[in-house]
Amino acid sequence: MDNDSLVELVKTSAFYLGHKQSDLRVIAAMRKVDRREFIPEDAITEVAEIDQELKPIGVLKVKSRDLVYNNAVVNIGYRQTCSQPSIVALMNDILDLRRGMKILEIGSGCGYHAAITSHLIGEKGKLITIEYVPELAKLAEANLRKHFGDGFEKRLKVVHGDGSVGFPEEAPFDRIYLTCGVKHSFKSQILIEQLNPGRGILLYPERYGDLIKMTYDKGEITEQRFSGVFFVPLKGENS
Ligand code: SAH
């Protein structure tokens, strides 16, 4: 197994295809980002041990790095995860990312999703990614610096902080997306106010439930939902 075989799995996954998404630029960007490079060496993921009849008989502790080319969530430490590649693909499809866009990502984690997004918006695009856990902000920055080399400074900024209230100092953004799940108390309006008023998109998941796309166009908001997602929780002031 290698990263190309992972991308093939994503391309053909029922979840991805079920939403009838088909932007091949997303798949091409995923080929450029080797997921293994983003997962800390010492991170451990627990997987169910099953018997021959598929009955769970215990829990196995496996190095996350040994699981990276599966289309599944893996742990990255600090009780956080690197998103499932097919959900990264689906989100980036829905976001309709174009070269040169300015984007805000809330929840950098290990930087895997951010790297794919940055490839999609190209060298002239700018991605600001905020992470709540200081150690993960450091991990994301180190991973992204390594991946993009000299290009890092120009195209990316990793911020340690609470992204639940957005990042007004750099607004407006063409796109804002969350990689952590919200509760009912979350106020999307706070982030909508930081969108580009000419067709900005906010995309965020519920903790268990729907992925919600809000398109903001000349003062009008339209909402679209994609069902069947689960995410680690959004923390912070507006969670
Ligand atoms: N995109 C990431 C997925 C990380 S999981 C990747 O590819 O690895 C979601 C992340 O959101 C976690 O790292 C968690 O710490 C972070 N998070 C939760 N609440 C947050 C908040 N209020 N502001 C910024 N990051 C937050």
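The space taken by the ligand is the largest pocket, and this report on a predicted model starts from that site before turning to individual loop and strand residues.

**The ligand and its shell**

The ligand is surrounded by 26 residues, and His113, Glu131, Asp162, Gly163 and Lys235 are the closest of them. By class, the shell around the ligand divides into 12 nonpolar, 11 polar and 3 charged residues. Three elements, β4 (80-82), α5 (112-121) and β6 (126-131), each supply at least two residues of this shell, and the largest share, 3 residues, comes from β4.

Among the polar approaches to the ligand, a side-chain atom of Glu131 lies 2.6 Å from a ligand oxygen atom, while a polar side-chain atom of Asp162 is placed 2.9 Å from a ligand nitrogen atom. The backbone takes part as well, with a polar backbone atom of Lys235 lying 2.7 Å from a nitrogen atom of the ligand. Taken alone, the ligand exposes 580 Å², and the protein buries 100% of that area.

**Residues in loops and in strand β9**

The following table gathers the relative accessible areas of several residues together with their places in the model.

| Residue | Place | Relative accessible area |
|---|---|---|
| Leu97 | loop between α4 (85-95) and β5 (102-106) | 1%, buried |
| Thr179 | loop between β8 (175-178) and α8 (188-192) | 11%, buried |
| Glu206 | loop between β9 (198-205) and β10 (208-217) | 18%, buried |
| Gly198 | strand β9 | 43%, partly exposed |
| Tyr78 | loop between β3 (74-77) and β4 | 48%, partly exposed |

Glu206 has a relative accessible area of 18% and therefore counts as buried, because that value is under 20%. The side chain of Glu206 makes a polar contact with the side chain of Arg225 at 3.5 Å. Thr179, which is buried at 11% relative accessibility, has a side chain that reaches the backbone oxygen of Gly107 at 2.7 Å.

Two C-alpha to C-alpha separations can be set beside these placements. Leu97, buried with a relative accessible area of 1%, is 11 residues from Ser86 in sequence and 17 Å from Ser86 in space. Gly198, a residue of strand β9, is 35 residues from Gly163 in sequence and 22 Å from Gly163 in space, and Gly163 is itself listed among the closest residues to the ligand.

**Backbone geometry**

Most residues other than glycine have a negative phi, and most peptide bonds are trans. Against that background, Tyr78 has a phi near 55°, a positive value in a residue other than glycine. Tyr78 belongs to the loop between β3 and β4, and its relative accessible area of 48% makes Tyr78 partly exposed. Asp96 likewise has a positive phi, near 50°, and is a residue other than glycine. Asp96 is found in the loop between α4 and β5, the loop that also holds Leu97; at 25% relative accessibility, Asp96 counts as partly exposed, whereas Leu97 is buried.

The peptide bond between Ala171 and Pro172 is cis, with omega at about 5°, and Pro172 is found in the loop between β7 (156-160) and β8.

Notes: Residues are numbered from 1 along each chain as its sequence is written. This is a predicted model: local features need pLDDT of at least 70, side-chain atom pairs count only at pLDDT 80 or more; totals for chains, interfaces and linings use all residues. Side-chain values use heavy atoms; hydrogens and water are left out. A residue is near a molecule or strand if one of its heavy atoms lies within 4 Å of it. A polar contact is a pair of N or O atoms within 3.5 Å; within protein, one must be able to donate a hydrogen and the other to accept it, and residues adjacent in sequence count only if both atoms are side-chain atoms. Accessible areas come from the Shrake-Rupley method with a 1.4 Å probe; for residues, only the protein chains shown count as cover. On a 1 Å grid over the protein atoms alone, a cavity is a set of points where a 1.4 Å probe fits but cannot get out, and a pocket is an open set with protein on both sides within 12 Å along at least five of seven lines; lining residues have an atom within 4 Å of a point. A molecule sits in a cavity or pocket if more than half of its atoms lie within 2 Å of its grid points. Helices (H or I, at least four residues) and strands (E, at least two) are DSSP runs, numbered from the N terminus. Ala, Val, Leu, Ile, Met, Phe, Trp, Tyr, Cys and Pro count as nonpolar, Asp, Glu, Lys and Arg as charged, and the others, Gly among them, as polar. Buried means under 20% relative accessible area, exposed over 50%, partly exposed in between (1.4 Å probe, protein chains only).
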